[in-house]
Amino acid sequence: MPFEQFTPRSFTPVSVRANAPAASGIYGISNAQEWIYIGESDNIQASLLHDLQKGSSALLKRSPTGFVFELCSAAQRRARQDRLILEYEPLCNRQLSGDDLGGTI
């Protein structure tokens, strides 16, 4: 099942602050060709801003341009993240599989 709100937003600090909620949920980062990373967080906005500023070289090397998100409770986040990773097969999640990412890369 795809992201509930599939309206991509620009992956810039201004856009993240304007569009991403400071709430619990799942987020995906992509470029025009592929899904790069799908994360889960207590604070979607803070995690996206962290990824913009201090993301892994694997994420930044893929030139991310957009993000999407959906709100969900802390109890549902990990299972929802796992389903989306299986569906979209994001590059950074495949490279880091088995690690506890803690909402950021």
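**Strands, a helix and an aromatic cluster in a predicted model**

In this predicted model, strand S3 is mostly covered, since seven of its seven residues are buried.

Reader: How many helices and strands are there in the protein chain?

Author: Read along the sequence, the chain follows the pattern β-α-β-β-α-α-β-α-α. Each β in this pattern stands for a strand and each α for a helix. The protein chain therefore contains five helices and four strands.

Reader: Which strand forms a hairpin with S2?

Author: Strands S2 and S3 run antiparallel and are joined by six bridges. Within this pairing, Tyr27 has Gly39 as its bridge partner in S3, and Gly28 stands opposite Ile38. Four residues lie between the two strands of the hairpin. The strand that forms the hairpin with S2 is S3.

Reader: In S4, which residue is the bridge partner of Gly28?

Author: Strand S2 also pairs with S4, in the antiparallel sense and over six bridges. Gly28 has a partner in S3, where it stands opposite Ile38. In S4, the bridge partner of Gly28 is Val68.

Reader: Are the two faces of S2 covered or exposed?

Author: On one side of S2 lie Gly25, Tyr27 and Ile29, and these are buried. On the other side lie Ile26, Gly28 and Ser30, which are buried too. This agrees with the count for the strand, in which six of six residues are buried. Both faces of S2 are covered.

Reader: Why does the pair of Phe3 and Trp35 count as stacked?

Author: The count of aromatic pairs in the model comes to five. In the pair of Phe3 and Trp35, the ring centres are 5.5 Å apart, which is within the 6.5 Å needed for a pair. Planes under 30 degrees apart count as stacked, so the pair is stacked because its planes lie at 25°.

Reader: How many residues apart in sequence are the parts that Phe3 and Trp35 tie together?

Author: Phe3 lies in the segment before strand S1 (9-10), whereas Trp35 belongs to strand S3 (residues 35-41). Both Phe3 and Trp35 are buried. Because the two rings belong to these separate parts, the pair ties together regions that are 32 residues apart in sequence.

Reader: Which residues form one aromatic cluster?

Author: The ring of Phe3 also pairs with that of Tyr88: the centres are 5.8 Å apart and the planes lie at 20°, so this pair is stacked. Tyr88 lies in helix H4 (residues 74-88) and Phe3 in the segment before S1, so this pair ties together parts that are 85 residues apart in sequence. Phe3 is buried with a relative accessible area of 3%, and Tyr88 counts as buried at 17%. One aromatic cluster is formed by Phe3, Trp35 and Tyr88.

Reader: How far apart are the end C-alpha atoms of H4?

Author: Helix H4 has 15 residues. At 1.5 Å a residue, these should span 21 Å. The model agrees with this expectation, because the end C-alpha atoms of H4 are apart by 21 Å.

Reader: How wide is the arc that the buried residues of H4 cover around the axis?

Author: The buried residues of H4 are Arg77, Arg80, Gln81, Leu84 and Tyr88. Their directions around the axis put them on the same side of H4, while Ala75 and Leu86 are exposed on the other side. What covers the buried residues includes strand S2 (25-30), S3, strand S4 (66-71) and helix H5 (91-95). The arc around the axis is only 110°.

Reader: Which residue just after H4 takes a positive phi?

Author: Helix H4 comprises residues 74-88. Just after H4, a positive phi of about 50° is found. The residue that takes it is Glu89.

Reader: How many disulfides does the structure hold?

Author: A disulfide is a covalent bond between the sulfur atoms of two cysteines. Among the cysteines of the model, Cys72 counts as buried at 13% relative accessibility, and Cys92 is buried with a relative accessible area of 1%. The number of disulfides in the structure is zero.

Reader: What percentage of the residues of the protein chain count as buried?

Author: A residue counts as buried when its relative accessible area is under 20%. Strands S2 and S3 are mostly covered, with six of six residues buried in S2 and seven of seven in S3. Of the 105 residues of the protein chain, the share that count as buried is 45%.

Conventions:
Residues are numbered from 1 along each chain as its sequence is written. This is a predicted model: local features need pLDDT of at least 70, side-chain atom pairs count only at pLDDT 80 or more; totals for chains, interfaces and linings use all residues. Side-chain values use heavy atoms; hydrogens and water are left out. Rings of Phe, Tyr and Trp (its six-membered ring) pair if their centres lie within 6.5 Å; planes under 30 degrees apart count as stacked, over 60 as edge-to-face and the rest as tilted. Buried means under 20% relative accessible area, exposed over 50%, partly exposed in between (1.4 Å probe, protein chains only). The expected span of a helix is 1.5 Å times one less than its number of residues. The arc is that of the directions from the helix axis to the C-beta atoms. Contact means heavy atoms within 4.5 Å. A disulfide is a pair of cysteine sulfur atoms within 2.5 Å. Two strands pair if DSSP finds at least two bridges between them.
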